[in-house]
Amino acid sequence: MNVLIVHAHNEPRSFNAAMKDLAVKELDMLGHSVQVSDLYAMDWNPVASAADFGDRSNPDYLVYALEQRHNHNQKTLAPDIQMELDKLLWADLVIFNFPIYWFSMPAILKGWIDRVFVSGVVYGGKRFYDRGGLAGKKAMLAITIGGQPHMLVRGGVHGALQDMLRPILRGTLAYSGMNVLPPFVAYHVPYVTGEERSMILEEYRQRLQVLDTLPPLQFVSLDQFDEKLNAIAMPSSGTRP
Ligand SMILES: Cc1cc2nc3c(=O)[nH]c(=O)nc-3n(C[C@H](O)[C@H](O)[C@H](O)COP(=O)(O)OP(=O)(O)OC[C@H]3O[C@@H](n4cnc5c(N)ncnc54)[C@H](O)[C@@H]3O)c2cc1C
């Protein structure tokens, strides 16, 4: 499998970076091809702006998504975006490796998604969820977090982990068509002992060994909706994730 690791930590000796390094080594040993986008090391520009486009379909008024489509078609996207988009399209699996910032991802990674998940390629029109442009690819979050497991459950002080990660898991990755594997979470990282951190790395190593067979999380299918995206009545309970 071709694996792209998008890594977003500002300290190369961090535990989070150790997870990235472990993944590179382990995936390579397992026979996968691995590329890494180390966003801080690359000095990645996270700001989506008019400077991203070598040509403009409308020079007077910027509609970012429309210019993404136009510039993708014209092959005039900024070189840094094109390079990352090529890696994204090369990958069968994308691992997003980052520390949780404010229930979410660091801004540098958000900006990678804003600029590289190009409209017309990744999504557009009714190409989303199981009809998204990245259908057939897998994604997984590998995250470090200050909180503890009991804080991140339904009824816990921060609510359920999956609710916290919903904008990423559902609104970004599943929306783009990717099969989203359950996140790997390294809890309470700054506060546990060195021994416990070594155990977390071992658990991550074991997770990396089963990526091929791990069942993805379940999200909606557009088959459950009509042309206007109204929900089609489901038999009996009709529950959807
Ligand atoms: C802006 C911001 C917002 C945040 N928001 C949240 C939030 O909403 N919710 C939340 O829970 N947390 C939050 N945090 C906390 C953050 O998620 C954690 O501090 C971070 O994920 C910890 O991971 P790290 O890699 O940065 O740890 P580090 O501090 O880099 O590492 C922890 C320890 O592990 C050691 N270490 C490094 N490599 C190894 C190794 N190979 N083996 C063993 N030990 C090693 C390091 O030396 C260090 O002592 C936030 C932090 C910031 C800065």
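These legends describe close-up views of a predicted model.

**View 1. Helix α1 and what its buried face packs against.**
Helix α1 covers residues 15-29, which makes 15 residues. At 1.5 Å a residue the helix should span 21 Å, and its end C-alpha atoms are 21 Å apart, so the two values agree. The buried residues of α1 are F15, N16, A17, M19, K20, A23, E26 and L27. An α-helix has 3.6 residues a turn, so residues three or four places apart point the same way. The buried residues of α1 pack against the strands β1 (2-7), β2 (33-38), β3 (93-99), β4 and β6, and also against helix α7. Just after α1 comes G31, with a positive phi of about 95°.

**View 2. The surroundings of the ligand.**
There are 19 residues around the ligand, and those that come nearest are H9, N16, I100, W102 and T144. Three short distances to ligand oxygen atoms can be followed in this view. A backbone N or O atom of I100 lies 2.7 Å from an oxygen atom of the ligand. For T144 it is a polar side-chain atom that lies 2.7 Å from a ligand oxygen atom. G147 places a backbone N or O atom 2.9 Å from an oxygen atom of the ligand. On its own the ligand has 1,000 Å² of accessible area, of which the protein covers 63%. The elements that give two or more residues to the shell around the ligand are α1 and α7. The largest share, three residues, comes from α1. By type, the shell around the ligand divides into eleven nonpolar, six polar and two charged residues.

**View 3. H7 in strand β1.**
H7 lies in strand β1. Its relative accessibility is 2%, and H7 therefore counts as buried, the limit being under 20%. Leaving aside neighbours within four places in sequence, H7 is in contact with N16, A17, K20, V36, S37, D38, L39 and N97. Among these contacts, N16, A17 and K20 are also listed with the buried residues of α1. H7 and D130 are 123 residues apart in sequence, and their C-alpha atoms are 26 Å apart in space.

**View 4. R207 in helix α7.**
R207 lies in helix α7, a helix that runs over residues 194-209. R207 has a relative accessible area of 15% and is therefore buried, since the limit is under 20%. Not counting neighbours within four places in sequence, the contacts of R207 are M140, P182, P183, F184 and L214. The side chain of R207 reaches the backbone oxygen of P182 at 2.6 Å. R207 and A186 are 21 residues apart along the chain, and 12 Å separates their C-alpha atoms.

**View 5. K87 in helix α3.**
K87 is placed in helix α3, residues 79-90. With a relative accessible area of 13%, K87 is a buried lysine. Residues up to four places away in sequence aside, K87 touches L4, Q35, V36 and S37. Of these, V36 and S37 also appear among the contacts of H7.

**View 6. Helix α2 and the residue that follows it.**
Helix α2 takes in residues 64-74, and its buried residues are Y64, E67, Q68, H70 and N71. The cover over the buried residues of α2 includes α3 and α4. After α2 comes K75, whose phi is positive, near 60°.

**View 7. Two loop residues with positive phi, Y129 and H188.**
Y129 is not a glycine, yet its phi is positive, about 50°. Y129 is found in the loop between α4 (107-116) and β4 (138-144). The relative accessible area of Y129 is 14%, and Y129 is buried. H188, also a residue other than glycine, has a positive phi near 55°. H188 sits in the loop between β6 (184-186) and α7 (194-209).

Methods. Residues are numbered from 1 along each chain as its sequence is written. This is a predicted model: local features need pLDDT of at least 70, side-chain atom pairs count only at pLDDT 80 or more; totals for chains, interfaces and linings use all residues. Side-chain values use heavy atoms; hydrogens and water are left out. Helices (H or I, at least four residues) and strands (E, at least two) are DSSP runs, numbered from the N terminus. Buried means under 20% relative accessible area, exposed over 50%, partly exposed in between (1.4 Å probe, protein chains only). The expected span of a helix is 1.5 Å times one less than its number of residues. Contact means heavy atoms within 4.5 Å. A residue is near a molecule or strand if one of its heavy atoms lies within 4 Å of it. A polar contact is a pair of N or O atoms within 3.5 Å; within protein, one must be able to donate a hydrogen and the other to accept it, and residues adjacent in sequence count only if both atoms are side-chain atoms. Accessible areas come from the Shrake-Rupley method with a 1.4 Å probe; for residues, only the protein chains shown count as cover. Ala, Val, Leu, Ile, Met, Phe, Trp, Tyr, Cys and Pro count as nonpolar, Asp, Glu, Lys and Arg as charged, and the others, Gly among them, as polar.
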